[in-house]
Every structure is written in C-alpha cells, then in structure tokens.
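Visitor: I should like to take a close look at a single part of this model, the surface that faces the nucleic acid. Please then relate that surface to the other features of the protein.

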There are 2 protein chains.
Amino acid sequence: MRIGELAERAGTTTRTLRYYESRGLLAARRGANGYRDYDEADLRLLEQIRVLQDFGFDLEDTRPFVDCLRAGHDAGDACPASLDVYRAKLAELDACIARMQDVRAEVAAQLARAEVAADAGIPGGPDPKCHLS
Amino acid sequence: MRIGELAERAGTTTRTLRYYESRGLLAARRGANGYRDYDEADLRLLEQIRVLQDFGFDLEDTRPFVDCLRAGHDAGDACPASLDVYRAKLAELDACIARMQDVRAEVAAQLARAEVAADAGIPGGPDPKCHLS
DNA sequence: GTAGACCTTGACGTCTGCGTCAACGCCAGG
DNA sequence: CCTGGCGTTGACGCAGACGTCAAGGTCTAC
C-alpha cells in the first residue's frame with residue numbers, strides 16, 4: 001500500500017510517516033515510480049509506535065519495540081530492551097506523579113491561605129448571602 | 001541595583017530577566033547610561049515569578065500575580081485573578097495526575113504480561129536461583 | 001489533453017523558556 | 001591608554017513531533 005493509505009489506516013498523517021522514516025523507524029520499499037510501498041507488517045510497526053506515543057513515550061523509546069518486531073517477534077515487547085524501557089518509564093512516571101502531587105498540595109495550601117486572607121481582608125465582605133430577607 | 005545583581009540575588013540569569021521584560025513582566029527603570037535599574041519591589045516580583053515557575057506555571061500564568069503585586073498588594077495572590085489561576089492549575093494538575101496514573105497502570109500491566117510471556121517463552125529459563133545447593 | 005488526486009524532496013514554522021554568541025557601549029583601576 | 005568587567009540590543013539555537021508550504025513528478029479518469 002502507499003503512504004496515504006497507511007496513514008489513514010493508522011489514523012495518522014503522511015507527514016508523520018515520513019518523519020518516522022527520517023528518524024530511522026519504519027523503513028519503506030520503493031516502487032518503480034519512487035513511491036513508498038508498505039505492507040501489513042509496517043502497519044503493525046506503526047501501530048506499536050502509536051500506542052507508545054499515546055502513552056507519552058518519546059520516539060527514541062519506541063525504537064527497541066520496533067527493532068523487536070523487525071527481528072521477527074510477534075510482539076514489540078518480547079525483547080529485554082523493550083522491558084527495560086517499560087521499567088524506566090514506570091520509574092519516570094512514578095517520579096513525575098509524586099512531584100505533581102507535591103506541587104498540587106502546595107498550590108492547594110496557597111489557595112486556601114489566600115482565600116482566608118481575602119475573607120479577612122474584606123471584613124463583612126462575603127458573609128452569608130442566603131440570609132432570608 | 002543593576003541587572004547582574006538582581007539576577008544573582010534571585011538565583012537566576014540576566015538573560016532570564018531580559019526575557020521577562022520582553023514578555024511584559026518585570027519592567028525596569030533606566031539609568032542615564034541606559035542600564036536597567038531595579039529596586040527591592042522588583043526583587044519581590046521576580047521571586048513571585050520564580051516560585052510559580054518552579055511549580056510548573058507557565059509565564060503567562062504568573063502575570064496576574066505580578067499585576068497584583070504592582071497594584072500595591074503585599075501578596076501576589078491577594079487578587080481574584082490569581083486565585084482563579086490557582087484553581088485552574090489545581091484542575092489541570094488533577095487531570096494530569098489522573099492521566100499519568102492511568103498510563104502507569106497500563107504500562108505496568110503490559111510489563112507484567114510481557115514478563116510472563118517471556119517466562120513462558122523460555123521454558124526453564126529464569127527458574128528459582130536461590131535454590132540451596 | 002487536462003484536471004485532479006496522489007506522490008516526491010526540501011525547508012521553514014510552531015511552542016516555551018531561556019542559552020549562547022556577536023558586536024558594541026560604559027566605566028573603573030593601574 | 002589599555003584591560004577587564006559590567007551593560008546594551010539583536011539574533012540564532014535547542015528540544016519534540018510534527019504542520020505547512022513550495023515546486024515539481026506521476027497516475028487515473030474523462
């Protein structure tokens with residue numbers, strides 16, 4: 001199949017596929033007219049890349065998975081290098097989540113403090129609105 | 001004080017200060033020689049910006065805080081617009097944390113599955129190492 | 001034969017927060 | 001006077017994953 005069809009089937013763009021090729025992932029055969037020619041295996045490679053991208057893996061991190069598939073394995077994560085990437089990503093995610101939770105707590109504390117200060121600063125300001133009248 | 005001193009006192013660089021100025025934050029008076037001239041109030045502005053930056057706020061988000069300080073308030077978060085930024089950031093952090101936790105769970109599941117598959121694929125491979133011998 | 005849909009490569013634009021020159025002005029010390 | 005250390009503006013570089021345009025070749029249908 002040609003690049004447009006592959007892009008559509010994978011839910012991406014031709015630009016993206018050319019970009020992946022320029023990065024050394026997803027090589028393509030060429031037809032007599034110079035057009036790129038892909039097969040079903042390429043579609044699977046591409047799907048693997050896309051899944052990882054959706055997880056927030058950067059392109060370099062997908063390389064071991066692609067290599068693994070190209071080596072003939074039926075899954076991109078059937079190789080040790082891929083598992084290492086998984087583990088590194090887990091550690092990275094854990095660190096990132098912890099950091100964001102810390103920040104969240106600090107921001108929440110700041111907000112609470114500032115809200116209290118605002119209440120104090122406007123004496124009688126936001127007092128009960130639902131007082132019957 | 002001049003730009004180098006302010007940068008050093010705030011733990012940042014002169015480039016950063018000029019960048020903030022170009023973004024409309026942190027305006028500076030100019031001396032007769034064209035040198036920027038800052039005072040203690042500017043240091044406080046800068047500290048406010050840096051705190052928020054460390055929290056992962058982008059520069060635009062710091063603007064309400066800066067405006068608030070410039071308006072004469074003794075805290076950057078003494079104005080409603082700043083509180084709105086806090087609240088928006090909390091929502092953003094919550095969404096981001098939730099997303100990352102989902103991804104973490106999916107990656108962990110993939111890793112577990114792939115590890116099991118690897119064990120099955122190498123029969124008698126990683127069998128108990130700590131068997132007494 | 002010509003319109004239109006597809007393909008090719010090349011190269012610049014995007015977004016953010018600066019880093020890193022380049023080329024120059026200003027000022028104090030020896 | 002010269003050197004060194006500060007300051008000035010302007011402008012390009014980077015990282016990531018492409019978007020978007022330009023200028024052209026190719027193939028199909030009418």
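Visitor: Which side chain has an N or O atom 2.6 Å from a phosphate oxygen of DNA strand D?

Guide: The side chain is that of Arg18(B), where an N or O atom lies 2.6 Å from a phosphate oxygen of DNA strand D. This distance, like every value below, comes from a predicted model.

Two backbone contacts accompany that of Arg18(B). A backbone N or O atom of Gly4(B) is 2.5 Å from a phosphate oxygen of DNA strand D. On the other chain, Leu59(A) places a backbone N or O atom 3.2 Å from a phosphate oxygen of the strand. The elements that contribute two or more residues to the surface near DNA strand D are helix H2 (14-22) and helix H3 (40-54) of chain A, along with helix H1 (3-10) and helix H2 (14-22) of chain B. Of these, H2(A) gives the most, with four residues.

In total, 20 residues surround DNA strand D, and those that come nearest are Tyr35(A), Gln53(A), Gly4(B), Arg18(B) and Arg36(B). Of the atoms of DNA strand D that come within 4 Å of the protein, 66% belong to sugar and phosphate. By class, the surface near the strand consists of eight charged, six polar and six nonpolar residues.

The cysteines may be taken next. The structure holds two disulfides over all chains. In general terms, a disulfide is a covalent bond between the sulfur atoms of two cysteines. In chain A, Cys68(A) and Cys79(A) form such a pair, with their sulfur atoms 2.1 Å apart. The torsion about the S-S bond of Cys68(A) and Cys79(A) is about 85°, so this disulfide is right-handed. The pair links distant parts of the chain, eleven residues apart: Cys68(A) is in helix H4 (residues 59-70) of chain A, and Cys79(A) is in the loop between H4 and helix H5 (80-121) of chain A. Cys68(A) has a relative accessibility of 1% and therefore counts as buried. Cys79(A), at 14% relative accessibility, also counts as buried, because the limit for that class is under 20%.

In chain B, a disulfide joins Cys68(B) to Cys79(B), with an S to S distance of 2.1 Å. The link of Cys68(B) and Cys79(B) is right-handed, with 85° about the S-S bond. Cys68(B) lies in helix H4 (residues 59-70) of chain B and Cys79(B) in the loop between H4 and helix H5 (80-121) of chain B, so the pair ties together parts that are eleven residues apart in sequence. Cys68(B) counts as buried at 1% relative accessibility, and Cys79(B) counts as buried at 13%.

Cys96(A) is in no disulfide; the nearest cysteine sulfur is that of Cys96(B), 6.4 Å away. With 31% relative accessibility, Cys96(A) counts as partly exposed. Cys96(B) is likewise in no disulfide, and its nearest cysteine sulfur is that of Cys96(A). Cys96(B) is partly exposed, with a relative accessible area of 30%.

The pockets remain to be described. The largest pocket has a volume of about 190 Å³. Its lining comprises 14 residues, of which Arg44(B), Glu47(B), Gln48(B), Leu69(B) and Gly76(B) lie nearest the centre. The elements that give two or more residues to this lining are H5 of chain A together with helix H3 (40-54) of chain B. H3(B) gives the most, with five residues. The lining of the largest pocket divides into six nonpolar, five charged and three polar residues.

The second largest pocket holds about 160 Å³ of space. Among the residues that line the second largest pocket are Ala27(B), Arg29(B), Asp42(B), Arg44(B), Leu69(B), Arg70(B) and His73(B). Arg44(B) and Leu69(B) thus appear in the linings of both pockets. H3 and H4 of chain B each supply at least two residues of the lining of the second largest pocket. The largest share of that lining, four residues, comes from H3(B). By class, the lining of the second largest pocket has five charged, four nonpolar and one polar residue.

Notes. Residues numbered from 1 in each chain as written. Chains lettered and ligands numbered in written order. Predicted model: local features only at pLDDT ≥ 70, side-chain atom pairs only at ≥ 80, totals over all residues. Heavy atoms only, no water. Disulfide = S-S within 2.5 Å. Buried < 20%, exposed > 50% of the residue type's maximum accessible area, 1.4 Å probe, protein only. Near = heavy atom within 4 Å. Polar contact = N/O pair within 3.5 Å; in protein donor to acceptor, adjacent residues only side chain to side chain. Nonpolar A, V, L, I, M, F, W, Y, C, P; charged D, E, K, R; others polar. 1 Å grid on protein atoms, 1.4 Å probe; cavity = no way out; pocket = protein on both sides within 12 Å on 5 of 7 lines; lining within 4 Å. Points joined across faces, edges and corners; volume = space filled by probe spheres on them.
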